[in-house]
Structure formats: C-alpha cells, structure tokens
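Let's take a walk through this protein together, one stop at a time. Have the viewer open, and turn the model as you read.

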Amino acid sequence: MKLGTKLIHAGVSPDPSTGAIMTPIFQTSTYVQSAPGQHKGYEYARTQNPTRDALQDALAAIENGKHGISFGSGLAATDAVLKLLNPGDEVIASNDLYGGTYRIFTKIFERYGIKFHFIGMQDAENIRKYINANTKLIWIETPTNPLLNIIDIAASAKIAQEHNILLCVDNTFASPYLQNPLDLGAHIVVHSATKYLGGHSDVVHGAIIVKDEALAKQLYFIQNSCGAVPGPQDCFLVLRGLKTLHVRMQRHCENGVAIANFLRQHPKVDKVYWCGFEDHPNHHIAKQQMRGFGGMISFTLKDDSQEAAMKVLSGTHLFSLAESLGGVESLIGHPASMTHASIPREDRIANGLVDSLIRLSVGIEDVEDLIADLQKAIG
C-alpha cells in the first residue's frame, strides 16, 4: 500500500461483533475468563487492550516496522528505551534535543549509573570519538528540537552496527510521513504521538516501533512491568489522527515553505532555522532521508533581546502561545523558558539556543492569515 492508504487502513478492520468501521474503545480494566487461564487473548488491561493493539499494529505498519509499543506519553516511551540499559552503560546523544529528553537523561538516569555524552552530530563521524566498550545506545533527533539540525541516520546506523550499539531515532518532528528511520538502519524509533500523529492537541501519547523480535519482547516486558500505558480513549484518538496524517502533513509542509521564506525576507528577522533552505546545514542529507521539510521553524530577531522576543510571542493571534507542536492549529513558543527550560542556560547558549529564539509549529490554517499574523506581531 502507498503511505496514504496505509495510514487509513493499517492495523484496523471492522469490528467483528457489529461491523463498526472504527475500532471500538474497549473501556475495561479486566476480561472475564471461562476458567482459570482460559480467555480470549485478554486478561488484564494494563497488559492488553484491543484498542491499543489496533493502534500498535498501525504504528508498526506506518514506520515499516514489525512491532509497535504504546505508552502514556512520549517521555514514557523514552523512559522505556533507557530501561534497556544497565548501570555503567553509556549513551551518546545529540546536543540539540528536546529539553524533556535532556532532563530525564541527566536528572533521572544519571542517578542510576548511566553516563551520557551530549555531542554535535552534524558530522556523524564525530560519534566515533565517544564510543567505548560501555557504549550501548546512540540517541538522535533529526530534525532536532528546536534548531532543526539534520543528522545523517544512515551514517549513524552504519557506525552503530559496526560497534553493536543500538541506534534510537526520535522521529517526532518529521513524522512517518516525511521520514522512516528503520528503513535507514535505525533499531528503534520513538514518537511523542501527542504531536503530529495525534495531530489535534487533544491527546498525550508515546510510541516505540522496532523490527527486531527480541528487542520488542524486552520493550513489551517493560511496558507491562512498569505500567506507563495509555488508556483506550487515548489510543482511539491517535488511531483517528493517523487517518489524516498524510493530508495534514502536506498542508504543514506547504505552509512551512511559505512562512520560512516570509521570515527570511523580513527586515527585522535575523536567522531562520528551517531544513528546507538549500543553505541550511546538511540540507543535502535532509533531501536524501526526508520526503519534505515540514512545518517546524525557529527564528531569531535582529534585536537579539528576550524583550523583543517576548513582544512577538505575546503579539500573535492565530499563533497561540503554548507548549507542544504538530497540531492543526499554529503554535508559537519560547524554547528558553518553555520546552527547553530544563537545560542549563550556558549549555543552551553554547549550542545556539539563545534567549531570543522563537519556535513555530506551523498549522494548517490559510497561510495568508498566518503570514499576516506574524507580520503584525513582528512589526
């Protein structure tokens, strides 16, 4: 199936009891057994739920994997991946990544004896310098949050395979519509399905997709044992969101092109970070591994002050000032005080995440209205 068809049909089938075309919400905590150990494949809803099963099958299909594992949030999915490790293991991670990922790495898992190296990965060969006998995981985002840096997934996968290291790719910013890391050699894909997969700012959800059976068994065990599972209503909402991912992403991409070019031409705007520009670092890699460049854009002002940024942030009407991204409505945010506040300021500044940086999640409204909204706010 082509991707659009797959997004609508993968993992779901009419309900056998009623013929309902949409997967029912199985709002139950347990299942009746005819005798001890004799059941219809379901025992307890933390372990299995038919609505969640349908979503997990769909997630596996759209990322060209074999196993989808759903969680109560993107960070719960991240937590599960890190629980594959043991004290003394080391992780190499990109130095431009979601603040919540940085926080769980440094404030939670470092306490349990796992060591993290946060490095620049625009040249994937830089990863080799940090590999040692204890390295068990390479963690990358591409495009990164919020500077839209591009990391070569295939090159990173080659390095990981040479050293028998797991490669995990956070594919939240791109979504399966634009990029499929498993096809490029990654072992694990994670998503904050709260974002583009759900797509309507009405659900919190996380996902892991893998191909390897043994790895899947470990992750299912962690899912069940630690219990950070989503409820059936949340699974239903993500299933519904997947059905329109392709049409939404097409519009996100179209609007992203227009707004990125508008910002680059604006006399009060300094730098614009969008991986669709030909002079964006590693744009040639983005063209190879992505099918489009999305609607995530960050920019700074020539008046490089937090006060000027705050004026823009509080001056929009259609761009709502809020955390998160990937919904149908446009959002504007200030990474330094919002999504990345957990990263020490000196580390943020060193990696280019300055106090005046503004991040846009471009929605699917009429782009002329969005441009007019930004024009008014920027002045």
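What follows visits a few individual residues and then two pairs of helices. Please keep in mind throughout that this is a predicted model.

A good place to begin is Lys195, because the UniProt record, an unreviewed entry, annotates this position as a modified residue, N6-(pyridoxal phosphate)lysine. You will find Lys195 in the loop that runs between strand β6 (188-192) and strand β7 (206-210). Is Lys195 buried or exposed? Its relative accessibility is 16%, and since buried means under 20%, Lys195 counts as buried. Now look at what surrounds this lysine. Setting aside residues up to four places away in sequence, Lys195 touches Thr172, Ser324, Leu325 and Gly326. There is also a partner from nearer in the chain: the side chains of Lys195 and Ser192 make a polar contact at 2.7 Å.

From here, move to Asn171, which sits in the loop between strand β5 (166-170) and helix α6 (175-178). With a relative accessibility of 0%, Asn171 counts as buried. Which side chain does the side chain of Asn171 join in a polar contact of 2.8 Å? The partner is Glu63. Glu63 also appears among the residues that Asn171 touches beyond four places in sequence, together with Thr142, Pro176, Gln179, Pro181, Val189, Val190 and His191.

Glu329 makes a useful next stop. This residue belongs to the loop between strand β10 (320-321) and strand β11 (331-333). At 28% relative accessibility, Glu329 counts as partly exposed, because that class lies between the 20% and 50% limits. Its side chain makes a polar contact of 2.5 Å with the side chain of Ser201. Leaving out neighbours within four places in sequence, Glu329 is in contact with Ser201 as well as Ser361, Gly363 and Glu365. For a sense of scale, try picking out Leu84 too: the C-alpha atoms of Glu329 and Leu84 are 36 Å apart, with 245 residues separating them along the chain.

The last single residue on this tour is Ile343, in the loop between strand β11 and helix α12 (345-350). Ile343 has 8% relative accessibility and so counts as buried. Beyond four places in sequence, Ile343 touches Leu97, Gly99, Tyr102 and Arg348. Its C-alpha atom lies 30 Å from that of Phe262, a residue 81 positions away along the chain.

Now let's turn to the helices. Helix α2 (residues 50-62) and helix α8 (residues 232-242) have axes that come within 9 Å and cross at roughly 35°. The crossing is left-handed. From α2, the contact is made by Thr51, Arg52, Ala54, Leu55, Ala58, Leu59 and Ile62, and from α8 by Pro232, Cys235, Phe236, Val238, Leu239 and Leu242. Sorted by class, this contact has eleven nonpolar residues, one polar and one charged.

The second pair is helix α3 (residues 74-82) and helix α4 (residues 99-108), whose axes come within 11 Å and cross at roughly 40°. Here α3 passes α4 in a right-handed crossing. On the α3 side you can select Leu75, Thr78, Asp79 and Leu82, which meet Gly100, Thr101, Arg103, Ile104 and Phe105 of α4. By class, the contact of α3 with α4 has four nonpolar, three polar and two charged residues.

Key: Residues are numbered from 1 along each chain as its sequence is written. This is a predicted model: local features need pLDDT of at least 70, side-chain atom pairs count only at pLDDT 80 or more; totals for chains, interfaces and linings use all residues. Side-chain values use heavy atoms; hydrogens and water are left out. Axes are lines fitted to C-alpha atoms, for helices over the stretch in contact, and angles run from 0 to 180 degrees between N-to-C directions. Helices (H or I, at least four residues) and strands (E, at least two) are DSSP runs, numbered from the N terminus. A crossing is left-handed if the near helix is turned anticlockwise from the far one by less than a right angle, and right-handed if clockwise. Contact means heavy atoms within 4.5 Å. Ala, Val, Leu, Ile, Met, Phe, Trp, Tyr, Cys and Pro count as nonpolar, Asp, Glu, Lys and Arg as charged, and the others, Gly among them, as polar. Buried means under 20% relative accessible area, exposed over 50%, partly exposed in between (1.4 Å probe, protein chains only). A polar contact is a pair of N or O atoms within 3.5 Å; within protein, one must be able to donate a hydrogen and the other to accept it, and residues adjacent in sequence count only if both atoms are side-chain atoms.
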